[in-house]
Amino acid sequence: VQVVESGGGLVQPGGSLRLSCVASGPIFSIYHMDWYRRAPGKEREFVAQISANGGTRYADSVKGRFTIFRDSAKNAVYLQMNALSPDDTAVYYCNVVGGNPDSLYEYDSWGQGTQVAVSS
């Protein structure tokens with residue numbers, strides 16, 4: 001399964017960006033789609049997740065500012081990021097986990113990442 005992110009860029013503090021992620025290939029069932037990020041000099045950290053039933057969860061650092069949503073027909077997930085601060089500067093990665101429930105086929109696929117920079 002291939003995963004491609006887009007939508008990153010440079011934004012001023014307080015601004016907004018929307019990241020997109022599209023999965024393609026032998027999808028079958030997607031169990032959950034996640035966003036992670038890696039800031040300069042830091043470990044990769046969890047940002048948000050949306051599960052197959054639409055349930056969502058967020059890192060405390062982004063609650064109330066970021067919203068994850070999906071378009072199941074397009075195998076796509078989005079991350080709406082508002083009230084951005086320099087602390088949100090990072091490479092953002094999309095992770096898609098799924099498989100075929102009728103077989104042993106499973107996947108855990110990552111994109112190449114998209115850079116988000118928050119600076120005045």
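**Exercise 1. Find which strands pair with β8, and how they run.**

Start with β3 (residues 17–24): 6 bridges join β3 to β8, and the two run antiparallel. Strands here are DSSP runs of E with at least two residues, numbered from the N terminus, and two of them pair if DSSP finds at least two bridges between them. Before going on, note that this is a predicted model, where local features need pLDDT of at least 70, side-chain atom pairs count only at pLDDT 80 or more, and totals for chains, interfaces and linings use all residues. Residues are numbered from 1 along each chain as its sequence is written, and side-chain values use heavy atoms, with hydrogens and water left out.

Now pin down a pair: Val22 has Ala76 of β8 as its bridge partner.

Next, look at β7 (residues 66–71), which is also antiparallel to β8 and joined to it by 6 bridges. Here Phe69 sits opposite Tyr78, while Arg70 is partnered with Val77. The two strands make a hairpin with 4 residues between them, and Asn75 in the turn has a positive phi of about 55°.

Finally, put the sheet together: it is open, has 4 strands in the order β1-β3-β8-β7, and its pairing is antiparallel. The edges are β1 (2–6) and β7, each pairing on one side only.

**Exercise 2. Decide whether the two faces of β8 are covered or open.**

Recall that side chains in a regular strand alternate between the two faces of the sheet. Then sort the residues: Ala76, Tyr78 and Gln80 lie on one side, Val77, Leu79 and Met81 on the other, and all are buried. Buried means under 20% relative accessible area, exposed over 50%, and partly exposed in between (1.4 Å probe, protein chains only). So both faces are covered, and the tally for residues 76–81 is 6 of 6 buried.

**Exercise 3. Trace the salt bridges around Arg37.**

First, the rule: a side-chain nitrogen of Lys or Arg within 4 Å of a carboxyl oxygen of Asp or Glu. It gives 4 salt bridges.

Then take Arg37 and Glu45, whose closest N and O atoms are 2.6 Å apart. Arg37 is buried at 5% relative accessible area, whereas Glu45 is partly exposed at 34%.

Move on to Asp88, which meets Arg37 at 2.9 Å, N to O. Asp88 is in the loop between β8 and β9 (90–99) and Arg37 in β4 (residues 29–38), so this pair ties together parts 51 residues apart in sequence.

Another bridge links Lys63 to Asp60 at 3.1 Å. To finish, shared partners join Arg37, Glu45, Arg65 and Asp88 into one network.
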